[in-house]
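Work through the exercises below with the sequence and the model open. Each task is followed by a solution in steps.

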Amino acid sequence: MPLPYENSTSGDKAFTEIQKILSRFGCDNYGIMQKARDQVTLVQFDWNGRTVSLPGHWGGYTTTWLREHPYTSRMRCTEAEHKDKAMRIAQIAVCSMLRDWVKAQVTAVECQLMSFEEVFMPHMLLPNGQRMVDAAQKLLDRKP
(Lines give C-alpha, C1' and ligand atoms only; values in the text may rest on other atoms or scores of the structure.)
Protein backbone atom coordinates (compact mmCIF):
# COMPACT_ATOMS: atom_id res chain seq x y z
CA MET A 1 0.00 0.00 0.00
CA PRO A 2 1.49 3.38 -0.96
CA LEU A 3 2.25 5.99 1.65
CA PRO A 4 -0.67 8.47 1.82
CA TYR A 5 -0.10 11.51 -0.41
CA GLU A 6 3.07 10.11 -2.01
CA ASN A 7 1.46 10.27 -5.45
CA SER A 8 0.28 13.88 -5.11
CA THR A 9 1.28 15.81 -8.19
CA SER A 10 0.92 19.54 -7.64
CA GLY A 11 1.81 21.65 -4.65
CA ASP A 12 0.75 24.77 -6.55
CA LYS A 13 -2.77 23.39 -7.09
CA ALA A 14 -3.03 22.61 -3.37
CA PHE A 15 -1.87 26.17 -2.57
CA THR A 16 -4.57 27.61 -4.85
CA GLU A 17 -7.22 25.49 -3.16
CA ILE A 18 -6.03 26.56 0.31
CA GLN A 19 -6.31 30.21 -0.73
CA LYS A 20 -9.84 29.66 -2.08
CA ILE A 21 -10.90 27.92 1.15
CA LEU A 22 -9.48 30.70 3.33
CA SER A 23 -11.02 33.40 1.13
CA ARG A 24 -14.49 31.79 1.30
CA PHE A 25 -14.08 31.49 5.08
CA GLY A 26 -13.51 35.24 5.33
CA CYS A 27 -9.81 35.24 6.13
CA ASP A 28 -7.59 38.25 5.57
CA ASN A 29 -3.87 38.44 4.87
CA TYR A 30 -3.53 34.78 3.96
CA GLY A 31 -0.53 33.33 2.29
CA ILE A 32 1.72 30.33 1.91
CA MET A 33 5.47 30.39 2.32
CA GLN A 34 8.19 27.82 1.73
CA LYS A 35 11.05 27.85 4.23
CA ALA A 36 13.37 25.52 2.30
CA ARG A 37 16.25 25.66 4.77
CA ASP A 38 13.93 24.55 7.60
CA GLN A 39 12.00 22.14 5.34
CA VAL A 40 8.70 23.78 6.23
CA THR A 41 5.68 24.93 4.27
CA LEU A 42 3.83 27.60 6.25
CA VAL A 43 0.18 28.59 5.81
CA GLN A 44 -0.67 31.80 7.63
CA PHE A 45 -3.90 33.79 7.80
CA ASP A 46 -5.87 36.29 9.87
CA TRP A 47 -9.48 35.68 10.88
CA ASN A 48 -11.44 38.11 13.05
CA GLY A 49 -8.26 39.70 14.37
CA ARG A 50 -6.56 36.40 15.16
CA THR A 51 -3.43 35.32 13.30
CA VAL A 52 -2.99 31.60 12.69
CA SER A 53 0.24 29.97 11.52
CA LEU A 54 0.17 26.35 10.33
CA PRO A 55 3.59 24.80 9.66
CA GLY A 56 3.92 21.61 7.65
CA HIS A 57 7.33 20.01 8.14
CA TRP A 58 8.61 17.91 5.24
CA GLY A 59 11.49 16.31 7.10
CA GLY A 60 9.37 13.69 8.83
CA TYR A 61 7.59 12.78 5.62
CA THR A 62 10.94 12.53 3.80
CA THR A 63 12.24 10.13 6.47
CA THR A 64 9.07 8.03 6.31
CA TRP A 65 9.18 7.89 2.50
CA LEU A 66 12.83 6.79 2.57
CA ARG A 67 11.96 4.07 5.08
CA GLU A 68 9.17 2.87 2.77
CA HIS A 69 11.39 3.19 -0.33
CA PRO A 70 14.95 2.42 0.79
CA TYR A 71 17.83 3.09 -1.56
CA THR A 72 19.39 0.07 -3.27
CA SER A 73 22.38 -0.14 -5.59
CA ARG A 74 20.06 -1.43 -8.34
CA MET A 75 18.38 1.96 -8.66
CA ARG A 76 19.24 4.16 -11.62
CA CYS A 77 20.31 7.04 -9.43
CA THR A 78 22.74 7.88 -6.69
CA GLU A 79 21.76 7.79 -3.04
CA ALA A 80 21.86 11.60 -2.97
CA GLU A 81 19.49 11.78 -5.96
CA HIS A 82 17.18 9.31 -4.23
CA LYS A 83 17.11 11.54 -1.12
CA ASP A 84 16.41 14.60 -3.30
CA LYS A 85 13.51 12.73 -4.89
CA ALA A 86 12.17 11.91 -1.42
CA MET A 87 12.34 15.59 -0.43
CA ARG A 88 10.48 16.70 -3.59
CA ILE A 89 7.76 14.12 -2.97
CA ALA A 90 7.52 15.19 0.68
CA GLN A 91 7.22 18.85 -0.22
CA ILE A 92 4.27 18.19 -2.54
CA ALA A 93 2.67 15.71 -0.13
CA VAL A 94 2.80 18.22 2.74
CA CYS A 95 1.06 20.83 0.54
CA SER A 96 -1.77 18.39 -0.12
CA MET A 97 -1.98 17.41 3.55
CA LEU A 98 -2.17 21.05 4.61
CA ARG A 99 -4.93 21.64 2.03
CA ASP A 100 -6.97 18.72 3.36
CA TRP A 101 -6.33 19.70 6.99
CA VAL A 102 -7.37 23.32 6.41
CA LYS A 103 -10.46 22.21 4.48
CA ALA A 104 -11.50 19.79 7.25
CA GLN A 105 -10.96 22.32 10.05
CA VAL A 106 -12.75 25.16 8.26
CA THR A 107 -15.64 22.81 7.51
CA ALA A 108 -15.80 21.80 11.18
CA VAL A 109 -16.09 25.48 12.16
CA GLU A 110 -18.62 26.32 9.44
CA CYS A 111 -20.83 23.36 10.43
CA GLN A 112 -20.51 24.31 14.12
CA LEU A 113 -18.95 20.98 14.94
CA MET A 114 -16.25 22.95 16.79
CA SER A 115 -15.50 26.60 17.41
CA PHE A 116 -12.72 28.46 15.64
CA GLU A 117 -10.77 28.52 18.89
CA GLU A 118 -11.16 24.78 19.47
CA VAL A 119 -9.76 24.08 16.02
CA PHE A 120 -7.08 26.72 15.57
CA MET A 121 -6.04 27.87 19.07
CA PRO A 122 -2.80 25.87 19.21
CA HIS A 123 -1.69 27.63 16.02
CA MET A 124 -2.75 31.17 16.96
CA LEU A 125 0.11 33.62 17.32
CA LEU A 126 0.74 35.40 20.59
CA PRO A 127 1.73 39.10 20.57
CA ASN A 128 5.41 38.04 20.57
CA GLY A 129 4.89 36.04 17.35
CA GLN A 130 5.11 32.63 19.02
CA ARG A 131 2.42 30.01 18.40
CA MET A 132 0.35 29.15 21.48
CA VAL A 133 1.24 25.47 21.24
CA ASP A 134 4.96 26.31 21.31
CA ALA A 135 4.52 28.54 24.38
CA ALA A 136 2.49 25.84 26.12
CA GLN A 137 5.12 23.21 25.28
CA LYS A 138 7.82 25.33 26.92
CA LEU A 139 5.69 25.57 30.07
CA LEU A 140 5.14 21.80 30.08
CA ASP A 141 8.85 21.12 29.57
CA ARG A 142 9.89 23.28 32.55
CA LYS A 143 11.25 21.34 35.46
CA PRO A 144 10.13 22.55 38.90
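## Exercise 1: the nonpolar core

The largest nonpolar core has 27 residues, and Phe45, Tyr61, Phe116 and Phe120 touch the most other members. The model is a predicted one.

Task: Find which elements give two or more residues to this core, and which of them gives the most.

Solution.
- Step 1. Go through the helices: α1 (11-25), α2 (58-68), α3 (79-110) and α4 (116-120) each give two or more residues to the core.
- Step 2. Go through the strands: β2 (40-47) and β3 (50-57) also give two or more residues.
- Step 3. Rank the contributions: α3 gives the most, with nine residues.
- Step 4. Set this beside a general tendency: in soluble globular proteins, nonpolar side chains tend to be buried together.

## Exercise 2: the surroundings of Phe116

Task: List which residues are in contact with Phe116, leaving aside its neighbours within four places in sequence.

Solution.
- Step 1. Pick out the aromatic residues in contact with Phe116: Phe25, Phe45 and Trp47 are among them.
- Step 2. Add the others, which are Arg50, Val52, Val109, Met121 and Met124.
- Step 3. Return to the core: Phe116 is one of the four residues that touch the most other members.

## Exercise 3: aromatic pairs

Task: Decide whether the pair of Phe25 and Phe116 is stacked or edge-to-face, then do the same for Trp101 and Phe120.

Solution.
- Step 1. Recall what is needed: a pair of aromatic rings is described by the distance of the centres and the angle of the planes.
- Step 2. Count the pairs: the structure holds six aromatic pairs.
- Step 3. For Phe25 and Phe116, the centres are 6.2 Å apart and the planes make an angle of 20°. Planes under 30 degrees apart count as stacked, so this pair is stacked.
- Step 4. Place this pair in the chain: Phe25 sits in helix α1 and Phe116 in helix α4, 91 residues apart. Both residues are buried.
- Step 5. For Trp101 and Phe120, the centres are 5.9 Å apart and the planes make an angle of 80°. An angle over 60 counts as edge-to-face, so this pair is edge-to-face.
- Step 6. Place the second pair: Trp101 belongs to helix α3 and Phe120 to helix α4, 19 residues apart.
- Step 7. Compare burial: Phe120 is buried at a relative accessible area of 0%, whereas Trp101, at 29%, is partly exposed.
- Step 8. Join the rings: ring pairs link Phe25, Phe45, Trp47, Trp101, Phe116 and Phe120 into a cluster.

## Exercise 4: the sheet

Task: Work out the order of the three strands and which of them stand at the edges.

Solution.
- Step 1. Take β1 (residues 28-35) with β2: they pair in the antiparallel sense over six bridges. Asp28 has Asp46 in β2 as its bridge partner.
- Step 2. Take β2 with β3: these run antiparallel and are joined by eight bridges. Here Gln44 is bridged to Ser53 in β3.
- Step 3. Combine the two pairings: the strands form an open sheet in the order β1-β2-β3.
- Step 4. Read off the edges: β1 and β3 each have a single partner strand, so one side of each is left without a neighbour in the sheet.
- Step 5. Add the helices: α1 lies across β1 and β2, at about 160° to β1, while α2 lies across β1, β2 and β3, at about 25° to β3.

## Exercise 5: two loops and one strand residue

Task: Say where Gln39 and Asn48 lie, and whether Ser53 is buried or exposed.

Solution.
- Step 1. Start from the general rule: most residues other than glycine have a negative phi.
- Step 2. Gln39 has a positive phi near 55° and lies in the loop between β1 and β2. Gln39 is partly exposed at 25% relative accessible area.
- Step 3. Asn48 has a positive phi of about 50° and is found in the loop between β2 and β3. Asn48 counts as exposed, at 62% relative accessibility.
- Step 4. Ser53 lies in strand β3 and is buried, with a relative accessible area of 7%.
- Step 5. Check the side chain of Ser53: it makes a polar contact of 3.4 Å with the side chain of Gln44.
- Step 6. Beyond its neighbours within four places in sequence, Ser53 is in contact with residues including His123, Leu125 and Arg131.

Notes. Residues are numbered from 1 along each chain as its sequence is written. This is a predicted model: local features need pLDDT of at least 70, side-chain atom pairs count only at pLDDT 80 or more; totals for chains, interfaces and linings use all residues. Side-chain values use heavy atoms; hydrogens and water are left out. A nonpolar core is a set of buried Ala, Val, Leu, Ile, Met, Phe, Trp, Tyr and Cys residues joined through side-chain atoms within 4.5 Å. Buried means under 20% relative accessible area, exposed over 50%, partly exposed in between (1.4 Å probe, protein chains only). Helices (H or I, at least four residues) and strands (E, at least two) are DSSP runs, numbered from the N terminus. Contact means heavy atoms within 4.5 Å. Rings of Phe, Tyr and Trp (its six-membered ring) pair if their centres lie within 6.5 Å; planes under 30 degrees apart count as stacked, over 60 as edge-to-face and the rest as tilted. Two strands pair if DSSP finds at least two bridges between them. Axes are lines fitted to C-alpha atoms, for helices over the stretch in contact, and angles run from 0 to 180 degrees between N-to-C directions. A polar contact is a pair of N or O atoms within 3.5 Å; within protein, one must be able to donate a hydrogen and the other to accept it, and residues adjacent in sequence count only if both atoms are side-chain atoms.
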